[in-house]
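Student: Please explain how the descriptive terms applied to a model are justified by computed values.

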Amino acid sequence: MTLLYGLLTLALSAGFAKLTAVVVNWFEAHPLHKFVFWLTKLSGVLAFPAGIVWFGLGLCTAQLSAPDLRSQWVASCTAAMIGLVWLAGDAIRFQRYRPPACVTDYRCTRHDLRVEVGPQVQGRHRSGWMLRLPGNQQFLLDCVEFTAHVPDLPAAWDGVTIAHFSDSHFRGSVSEEWFAAVADHIAAGTPDLIVFSGDLLDDPRTRAWVPATFGKLSAPWGCWYILGNHDWLQEAEASRAALEAAGWQPLAGRVVELRREGAGLLLAGSEAPWMPPRPEVDGLPPGGFRILVSHSPDEIGWARRQGFQLMFAGHTHGGQIRLPLLGPVFSPSRYGVRFSAGEFFVDPTLLVVSRGLSGRDPLRYGCPPQISRVTLRRDTPAQHA
C-alpha cells in the first residue's frame with residue numbers, strides 16, 4: 001500500500017508540474033519584466049517538489065483532515081489529473097512526430113566539437129559547472145539537411161540553399177572557440193543565403209565575439225538577422241551595431257526583395273512581441289514567394305494570414321531537455337511544446353523551428369544544438385522522387 005501511495009503521489013505531482021510548465025511556457029512567450037521572467041523560472045523549478053509534499057501529505061497522513069484543506073486537496077488532485085492527461089497527450093504527439101510530406105531527403109550528421117576544438121570548448125563563466133554534468137550534450141552539434149518542396153517557388157530560385165541557426169546565447173560558459181567552430185560548419189555547407197533568428201547573447205561583454213564567430217560567415221545572397229527576447233533585455237541596439245559591423249544585414253520589421261534572373265523572393269523579419277512592429281506586408285502585391293524569419297514560432301498564425309510559404313524560428317531551444325518517452329516539458333510558447341523543434345506544415349506555411357545553439361543555462365539532454373541547411377525545390381515530393 002505504501003508503494004501504491006508513493007506511485008500515486010508521483011503521478012499527481014507530475015501532473016501538477018505539467019500544469020505549472022504550461023503556465024510558465026505561456027508567460028515566457030510574452031514580454032516580461034526581468035523580475036517576472038525569473039519568478040516564472042523559479043516557480044517552474046519548485047513545482048515538482050512542492051507537488052510531492054502536498055499530494056504526499058494528502059495521501060499518506062491525516063494532516064489534511066480539516067474540511068477546507070481537504071477540499072483544496074481534492075481540487076488540486078483534479079487539476080493534477082488534467083495535467084496528467086495533458087502530459088500524456090504531448091508525449092503521444094512527440095512520439096508520433098514525423099516531418100511533413102513536403103520535407104524530403106532529411107539527414108542529420110552529428111559532430112562532437114570537443115574533439116574538433118579541444119579543451120577550449122568550455123569558457124570561464126560560473127554556469128560552466130553544468131557542462132560537466134554526465135551526459136550533457138551541449139558540446140555536440142547536429143548538422144541537419146533537408147529538401148523543402150514549395151510549388152510556389154519561382155523557377156529562378158529552384159535549388160537555392162538557406163542556412164538557418166538560432167539562439168547562440170553568448171554568455172561565457174560555452175566558449176568563443178566553440179561558436180567559431182559552429183560558424184565553420186555553417187560555412188562548409190556553402191549556402192546561398194544565411195538567416196539567424198535571434199537571441200545573440202546574455203552577457204554584453206561577449207559582443208566582442210561576433211567578428212571571430214558569425215562575422216566569418218558570408219553568402220551570395222547575404223547574411224540576415226533578427227534579435228530575440230534575451231537581446232531585448234541586453235541593449236539590443238548595441239547588438240545590432242555589432243552584427244552589422246560584421247557584415248550582417250537587419251531584417252527586423254522589414255521586407256526585402258531579392259531578385260534572381262528577374263524573379264523576386266520576399267524576405268521579412270519579425271521580433272514580435274518583444275520588439276515590434278511586424279513587417280508591413282499589407283501593401284505588397286499578392287502572390288510571390290514569401291519567407292519570414294521570426295524569433296518565436298508563435299508568429300505562425302500571423303505568417304499564415306499574410307501568405308508566407310516558409311517561416312524560420314527559434315526561441316524554444318527544443319525544450320533543451322527531452323525526457324525519454326515524454327519529450328520536452330518546458331518550451332516558452334503559447335502553443336506549449338507543440339512547436340518546440342522540427343518542421344511543421346500549417347497550411348499554407350512550412351514552419352522550421354531550430355533547437356538553437358545554446359541557452360542561458362547550458363543544459364542539453366536528448367536535444368543537441370542544431371544548424372540547418374534547407375534546399376528549396378519548386379516541385380512536389382512525388383515529382384522529385
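The dialogue that follows takes up burial, contacts and an internal cavity in this predicted model.

Student: Why is Thr206 called buried?

Tutor: Thr206 has a relative accessibility of 4%. Buried means under 20%, so Thr206 counts as buried. Thr206 is placed in the loop between strand S4 (193-197) and strand S5 (223-226).

Student: Which residues does Thr206 touch, not counting residues up to four places away in sequence?

Tutor: Thr206 touches Phe170, Arg171, Gly172 and Leu201.

Student: Why is Glu176 described as partly exposed?

Tutor: The relative accessible area of Glu176 is 24%. Because buried requires under 20% and exposed requires over 50%, the value falls in between, and Glu176 is therefore partly exposed. Glu176 lies in helix H5 (residues 176-188).

Student: What makes Trp209 a contact of Glu176?

Tutor: Contact means heavy atoms within 4.5 Å. Trp209 is in contact with Glu176, as are Ala212 and Thr213, when neighbours within four places in sequence are left aside. As for Arg290, its C-alpha atom is separated from that of Glu176 by 34 Å, and the two residues are 114 apart along the chain.

Student: How many cavities of 30 Å³ or more does a search of the whole structure find?

Tutor: The search finds one. The largest cavity has a volume of about 50 Å³.

Student: What makes five residues of the lining of the largest cavity nonpolar?

Tutor: The lining comprises Glu28, His30, Leu32, Phe37, Asn229, Trp232, Leu233 and Trp274. Leu, Phe and Trp count as nonpolar, so Leu32, Phe37, Trp232, Leu233 and Trp274 fall in that class. The lining further includes two polar residues and one charged residue.

Methods:
Residues numbered from 1 in each chain as written. Predicted model: local features only at pLDDT ≥ 70, side-chain atom pairs only at ≥ 80, totals over all residues. Heavy atoms only, no water. Helix = DSSP H or I, 4+ residues; strand = E, 2+ residues; numbered from the N terminus. Buried < 20%, exposed > 50% of the residue type's maximum accessible area, 1.4 Å probe, protein only. 1 Å grid on protein atoms, 1.4 Å probe; cavity = no way out; pocket = protein on both sides within 12 Å on 5 of 7 lines; lining within 4 Å. Points joined across faces, edges and corners; volume = space filled by probe spheres on them.
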